[in-house]
Amino acid sequence: MLFASTKLPHDKVFDFSRRVEQMPKGRQAPQHPWPKVFDAVFLGAATQIPSLLQIEAECRRGALAKRIGPVSDDTIGYALQRQSPEPVFTLTCEVARRLKRNGVLRSDWSRGLVVAAVDGIEICRSFLRCCNACLQREVQHKVRGELRTDIQYYHRIVAAVIVSTPFPVPLGIRFQKQGEAEVPCALALWKDLVDQLGPRFVDLLVGDAIYLQAPFVKQVERLGLDWAFTLKENQPELLREAQRFTGGPPATVQSGPKQELRCWHLPQVDWPVADRWVRVSKRFASTTNGQSPSARMASSSRKARPTWRWRAPTSTPPILNWVPFPQPSSINSAAADGASTRRSFRPSPPPATSNISPSTKAPPWSC
Ligand SMILES: [Zn+2]
């Protein structure tokens, strides 16, 4: 068999082919064995081939012809439908553990931390085709110029991805079920990941503002994860409190040839709805070429209740020689950053974070 005789590069480090070969099989005596189907999908995805039909074409006479050989998209679909996803999830976690042991999940910008991002995306939609697992909703759309309402079928997934690496390393995905929101789906995914990888596998979990919800944060901390989530209008009291203290001069300024970064760090800010304190950091980037500035505000974990707090100023901040910067439209810009994060799964380095003891120092991974 081709796969037994061909030593792929990933076999040397991960023993990949043997692990795939040992997975429980979903079909009895198939014409195309599971490792062949798996490799077709794996290599097709790794080379960003966008559909099973195109993978079939590449296997027949294209880039995968020599390594995989002919296999139809129907066969691939049939095999995948009958294969249990749990062993694939386990395999992904084994690869991730090996990567961590080999020390490649960290990078300079993350300052030695293994950083994972969580996010949800919609991966397909159709008015015509559906499967048993499809979500559905009523959507108004135009058909031949006439507005009509139809049921649209779609899927949403939540993905967990290591982002402190030169390229994103996926840890796992979970499909949202009908009636299940993104945040509970993400929590279920992380529970499975922590079961497989342990609570200290990831140093920091980052995510969009949708994850900055008191119940989710509580559960994430129960899993032993530190976190940093974008702060936006969905937490109005915390945002308002943070804005009060970041209206003055920044704690640090970094000037480069193309842009200037201004950073504010608030070690403890009251988060009333969660009855706790969190650290908040804001990063404001202005370019020297006339492009619009962008800003981002994030909050992060703080488990112990401190003995003091940042109070809202009742007058001009008591800072001598204070020269006000132009007030950035920080929140709107932050929302834009969050949207680009959602699409690409490649968030920029997190601007703030974690459960460090109370200090006015900037977190080591911000600015
Ligand atoms: Zn479906």
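Two strands are taken as paired if DSSP finds at least two bridges between them. In the predicted model described here, this criterion bears on strand 7 and strand 8, where T252 has C263 of strand 8 as its bridge partner. Strand 7, spanning residues 252-255, runs antiparallel to strand 8, spanning residues 259-271, and the two are joined by four bridges. The connection between strand 7 and strand 8 is a hairpin with three residues.

Strand 8 is also joined to strand 9, which covers residues 276-287, through eleven bridges in an antiparallel arrangement. Within this pairing, L261 finds its bridge partner in A285 of strand 9. Four residues lie between the strands in the hairpin of strand 8 and strand 9, and in that hairpin D275 adopts a positive phi near 50°. Strand 8 thus has bridges both to strand 7 and to strand 9. As a general point, the side chains of a regular strand alternate between the two faces of the sheet.

Among the helices, helix 4 (residues 34-46) and helix 5 (residues 52-61) have axes that come within 10 Å and cross at roughly 105°. Since angles of 65 to 115 degrees count as roughly perpendicular, helix 4 and helix 5 are therefore described as roughly perpendicular to each other. The contact between them is formed by A40, V41 and G44 on the side of helix 4, and by I55, E58 and C59 on the side of helix 5. By residue class, the contact of helix 4 with helix 5 comprises four nonpolar residues, one polar residue and one charged residue.

At the level of the whole protein, the model contains eleven helices and ten strands. Of the 367 residues in the protein, 32% are buried. When contacts with a separation of 6 or more are considered, 63% of them are accounted for by residues 24 or more positions apart.

The confidence of the prediction is given by an average pLDDT of 79 for the protein, with 77% of the residues scoring at least 70. Over residues 1-5 the pLDDT is below 50, and this stretch has six contacts in the model beyond near neighbours in sequence. A second stretch, residues 302-367, likewise has a pLDDT that stays under 50, and for these residues the model has 131 contacts beyond four places in sequence.

Note on methods. Residues are numbered from 1 along each chain as its sequence is written. This is a predicted model: local features need pLDDT of at least 70, side-chain atom pairs count only at pLDDT 80 or more; totals for chains, interfaces and linings use all residues. A residue is buried if 20 or more other C-beta atoms lie within 10 Å of its own, exposed if 12 or fewer, and partly exposed in between; C-beta atoms are placed from the backbone. Two residues are in contact if their C-beta atoms, placed from the backbone, lie within 7 Å. pLDDT is the predictor's confidence in each residue, from 0 to 100. Axes are lines fitted to C-alpha atoms, for helices over the stretch in contact, and angles run from 0 to 180 degrees between N-to-C directions. Angles under 35 degrees count as roughly parallel, over 145 as roughly antiparallel, 65 to 115 as roughly perpendicular and the rest as oblique. Ala, Val, Leu, Ile, Met, Phe, Trp, Tyr, Cys and Pro count as nonpolar, Asp, Glu, Lys and Arg as charged, and the others, Gly among them, as polar.
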